[in-house]
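Subject: Structure handover

Hi,

Here is the structure I promised to pass on. Have a look at it first, and then read on for what turned up.

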Amino acid sequence: MVLRLPLAVTGLATRPFNKLTTTNAANRWMSTLIHHKFDHNLSLPSTLKSSTVYRPNYERSWSMPRPFCSTPIKEIEEQGIGMKSVGGPVLAWSEDEVMLRGTVQKFAHQNIKPLVSEMDEKAKLDKTLLAQLFEAGFMGIEVAGKYGGSEMTFTQTCIVIEELAKIDPAISVIVDIHNTLNNHILSKYGSEFQKERYLYRMATQSLSSFCLSEPSAGSDAFALKTVAVPSHDKKTYTLKGTKMWISNAAEADIFLVFANVNPTLGYKGITAFIVDRNSPGLSIGKKENKLGIRASSCCEVVLDNVQVDAHAILGKEGMGYKIAIESLNEGRIGIGAQMIGLAQGALNATMPYLFERKQFGHPVATFQGMQFQIAQAHTELEAAKLLVYNAARMKDAGMDVQLQAAYAKLYSSQIAEKIASKCIEWSGGVGFTKEFPMEKFFRDVKIGQIYEGTSNMQLQTIGRLLSREFK
């Protein structure tokens, strides 16, 4: 019986098969490898190393199906998406993406890293840094140029979020929420009046908050009690209620508030409003003293008879549920990018130390027991990166990403927590001190399994969507 290799395993998933011997040669090599129990001295047969058939043809591969895309080809065809839009390896970066990554890395090391400890200790964002984030173009990544944005892709947004998280996950989530939730919502659902009045400010100077959660509405987000009472002619609405755990609230100038205009309709009455910080009746309440991501403010937002006019409604009355659900799918991929960046940042901080510190006359990292753990961590992180960027590229291709977003957020947050914990263990005593960054990454990582949908909610979403395939 001939062993058939999965295409992704052979590395030939995006390459042409001109000869039957291609698969046979790969099968013979893998059979030999299994027989010898993965002897590391084995080398590839010359037919697999030298033949031009086996070399990547990336120019051609970009027009072929993405090897790691978890969406069936039939579904892609049903959605009317061209194969070219989802072609190529997930983690193969374009020139623009490589340049952007380098730019963000440089910015993070020069502008953020010197402030991390102080901002964490004081639990306060440096105002100068916020201005620098806007100046660098990181606060309007996907926003159209005519509204002051950079007109980049969602994948590029994830690159920015990931790179910032390697240095400070708190700064990363500030950028994440502002871009993946609020800018996205204004860009997609905002009227031209709203875009000219608010979106330009959000891309160039004004931080924003996404106000959905309430004391009684956490995972059951649409059990919210905040109401928007319309006037008789529906020209104005009066907002009453309290929002909880609102990120960016201490510094935000613009708030996207979800309120119910008709509670008898349930979630169908939920409507999204744009509210200015200086609106009479809007105030910032208690600021939470958090375990991690302390530079990112998290506060109550009190709405005490805040009056807005009908032009403040995003989309249409009753569209709030749809807007929130759709935007949170994108936001979850952003959180996934934050988590893989955090995990990589923890490893970047830990690995040099493991090669410097010696025990029993050898660097700690050279012991086999350590190498196995390090290999496992990097393998799982690579898998998380694939999930995150597969979802991001599918989003850019216009595909439904509800399932992929849940995969990405669930797994990346789990692996990031595991890696951050291991980095402290591997570092020993110094990893438990605030002189080294490992302990901060460990404190920062826990929120990844809570905000923008807990891990249990992601599992519920995954289970529900998978069940549909078998009913």
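What percentage of the residues in the protein chain do buried residues make up? Of the 471 residues, 50% are buried. Before you go further, please keep in mind that this is a predicted model. The chain has 16 helices and 10 strands. As for how it folds back on itself, take the contacts between residues at least 6 apart in sequence: 71% of them join residues at least 24 apart.

**Pockets**

I guess you'll want these first. The largest pocket holds about 1100 Å³ of space. Its lining is made up of 38 residues, and those nearest the centre are S213, I450, Y451, E452 and G453. Elements giving two or more residues to that lining are α10 (169-189), β3 (236-247), α12 (320-356), α15 (438-445) and α16 (455-467). The largest share comes from α12, with five residues. Sorted by class, the lining has 19 nonpolar, 11 polar and eight charged residues.

The second largest pocket has about 590 Å³ of space. It is lined by 23 residues, with K113, V116, I167, P437 and F441 closest to its centre. Here the elements that supply two or more residues are α6 (95-112), α7 (116-122), α9 (154-167), α12 and α15. The class breakdown for this lining is eight nonpolar, five polar and 10 charged residues.

You'll have noticed that α12 and α15 each give two or more residues to the lining of the largest pocket, and that α12 and α15 do so for the second largest pocket too.

**Helix α15**

Since α15 turns up in both lists, a few words on how it sits. Seven of its eight residues are buried, so the helix counts as mostly covered. The buried ones are M438, E439, K440, F441, R443, D444 and V445. If you scan that set for charges, E439, K440, R443 and D444 are in it. Together the buried residues of α15 pack against α7, α9, α10, α12 and α14 (402-427).**Strands**

Next, the strands around β3. β2 (residues 227-230) pairs with β3 in the antiparallel sense, over four bridges. Within that pairing, A228 has L239 of β3 as its bridge partner. Five residues lie between the two strands of this hairpin, and K234 there takes a positive phi near 60 degrees. β3 also pairs with β7 (residues 298-309), again in the antiparallel sense, and 10 bridges join that pair. One place to look is K240, which stands opposite D304 in β7.

I246 is a residue of β3. Is I246 buried or exposed? With a relative accessible area of 1%, I246 is buried, because anything under 20% counts as such. Leaving aside neighbours within four places in sequence, I246 is in contact with S209, F210, C211, L212, S213, S297, C298, C299 and V301. The C-alpha atoms of I246 and E288 are separated by 9.6 Å, and these two residues are 42 apart along the chain.

Some of those contacts of I246, including S209, F210 and C211, take you to β1 (residues 208-211). In general, side chains of a regular strand alternate between the two faces of the sheet. In β1, S208 and F210 point one way while S209 and C211 point the other, and all are buried. β1 runs parallel to β4 (residues 254-260), and the two are joined by four bridges. F210 has L256 of β4 as its bridge partner.

**Cysteines**

How many disulfides does a search of the whole structure find? The count is zero. For reference, a disulfide is a covalent bond between the sulfur atoms of two cysteines. Two cysteines to look at are C158, buried at 0% relative accessibility, and C423, buried at 1%.

**One exposed lysine**

Last, go to K122 in helix α7. K122 is exposed, with a relative accessible area of 56%. Its C-alpha atom is separated by 7.8 Å from that of A295, although the two residues are 173 apart along the chain.

That's the tour; shout if anything is unclear.

Cheers

Conventions. Residues numbered from 1 in each chain as written. Predicted model: local features only at pLDDT ≥ 70, side-chain atom pairs only at ≥ 80, totals over all residues. Heavy atoms only, no water. 1 Å grid on protein atoms, 1.4 Å probe; cavity = no way out; pocket = protein on both sides within 12 Å on 5 of 7 lines; lining within 4 Å. Points joined across faces, edges and corners; volume = space filled by probe spheres on them. Nonpolar A, V, L, I, M, F, W, Y, C, P; charged D, E, K, R; others polar. Buried < 20%, exposed > 50% of the residue type's maximum accessible area, 1.4 Å probe, protein only. Contact = heavy atoms within 4.5 Å. Disulfide = S-S within 2.5 Å. Pairing = 2+ DSSP bridges.
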